[in-house]
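Please open the model in your viewer and keep the sequence panel beside it. The stops below say what to select next and what is to be found there.

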Amino acid sequence: MHIFGTHSYIYAENLAFGKPVWEDQPWKGSQDWRGSKAVDGLYTDRSALGGQCVISENNARTATWRVDLEGVVSISYIEIFYRKEAGGMIFFILFSSFSLT
């Protein structure tokens, strides 16, 4: 996930990069699919085996994930990259909504 804010009219900064995250349904297996993957800046291989995506625990009806921007910031736009597997299967259907608080 990238959360962009503008500090000038020239560039946008990823405000979520490396920030602390919290999730209520983290993956409990040995794979590292925890929430910190969403703010590590990597998104070129978004498959489960690519190590660059967050996957919540199986059979969870809901999953909440938060990033602490560590202050009051001005957000210009939010960019969400969905998990994508071989053959082009994209998992956006599992992501039904989000809210900003």
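With which side chain does that of lysine 19 meet in a salt bridge? Select lysine 19 together with glutamate 70, and you will find the side chains of the two joined in a salt bridge, with 3.9 Å from N to O. Keep in mind from this first stop onward that what you are looking at is a predicted model.

**Around the first pair**

Colour the loop between β2 (12-14) and β3 (21-23), where lysine 19 sits, and then the loop between β4 (65-67) and β5 (77-79), which holds glutamate 70; the two residues are 51 apart in sequence, so their pairing ties together separate parts of the chain. If you switch on the surface, glutamate 70 counts as exposed at 54% relative accessibility, while lysine 19, with a relative accessible area of 24%, is partly exposed. Before leaving glutamate 70, look at its backbone as well, for its phi is near 60°, which is a positive value in a residue other than glycine.

**Two further salt bridges**

How many salt bridges does the count come to? The count comes to three, and the remaining stops of this kind can be selected one after the other.

Select lysine 37 and aspartate 32, whose side chains meet in a salt bridge with an N to O distance of 3.6 Å. Is lysine 37 buried or exposed? Lysine 37 has a relative accessibility of 16% and counts as buried, whereas its partner aspartate 32, at 42%, counts as partly exposed.

Move on to arginine 83 and glutamate 85, where the side chains form a salt bridge at 2.8 Å from N to O. Arginine 83 is partly exposed, and its relative accessibility is 23%.

**From glutamate 85 to serine 47**

Stay with glutamate 85 for a moment, since this residue also appears among the neighbours of serine 47. Leaving aside residues up to four places away in sequence, serine 47 touches Cys53, Lys84 and Glu85. Serine 47 itself is placed in the loop between β3 and β4, and with a relative accessibility of 12% it counts as buried. Now add aspartate 45 to the selection, and you can follow a polar contact of 2.8 Å between the side chains of aspartate 45 and serine 47.

**Another backbone stop, asparagine 59**

Where does asparagine 59 have its place? Asparagine 59 belongs to the loop between β3 and β4, and although it is not a glycine, its phi is positive, at about 65°. With the surface shown, asparagine 59 is exposed, having a relative accessible area of 82%.

**The aromatic rings**

Next, show the aromatic side chains, among which the structure holds two aromatic pairs. One of them is made by tyrosine 43 and phenylalanine 81, whose ring centres are 4.4 Å apart and whose planes stand at 20°, so this pair is stacked. The pair links distant parts of the chain, for tyrosine 43 is in the loop between β3 and β4 and phenylalanine 81 in the segment after β5, 38 residues apart. On the surface, tyrosine 43 counts as partly exposed at 36% relative accessibility, and phenylalanine 81 is partly exposed as well, with a relative accessible area of 27%.

**Stepping back to the whole chain**

Finally, clear the selections and show the protein chain as a cartoon, in which the secondary structure comes to five strands and zero helices. Of the 101 residues in the chain, 22% are buried, and the accessible surface amounts to about 7,300 Å², with 54% of it belonging to carbon and sulfur atoms. Among the contacts with a separation of 6 or more, 56% are between residues 24 or more positions apart.

Which of the elements has the lowest mean pLDDT, and which the highest? Colour the chain by pLDDT and compare strand β1 (residues 2-6), which has the lowest mean value at 56, with β3, which has the highest at 93. Over the protein chain the mean pLDDT is 81, and 76% of the residues reach 70 or more.

Definitions and conventions. Residues are numbered from 1 along each chain as its sequence is written. This is a predicted model: local features need pLDDT of at least 70, side-chain atom pairs count only at pLDDT 80 or more; totals for chains, interfaces and linings use all residues. Side-chain values use heavy atoms; hydrogens and water are left out. A salt bridge is a side-chain nitrogen of Lys or Arg within 4 Å of a carboxyl oxygen of Asp or Glu. Helices (H or I, at least four residues) and strands (E, at least two) are DSSP runs, numbered from the N terminus. Buried means under 20% relative accessible area, exposed over 50%, partly exposed in between (1.4 Å probe, protein chains only). pLDDT is the predictor's confidence in each residue, from 0 to 100. Contact means heavy atoms within 4.5 Å. Accessible areas come from the Shrake-Rupley method with a 1.4 Å probe; for residues, only the protein chains shown count as cover. A polar contact is a pair of N or O atoms within 3.5 Å; within protein, one must be able to donate a hydrogen and the other to accept it, and residues adjacent in sequence count only if both atoms are side-chain atoms. Rings of Phe, Tyr and Trp (its six-membered ring) pair if their centres lie within 6.5 Å; planes under 30 degrees apart count as stacked, over 60 as edge-to-face and the rest as tilted.
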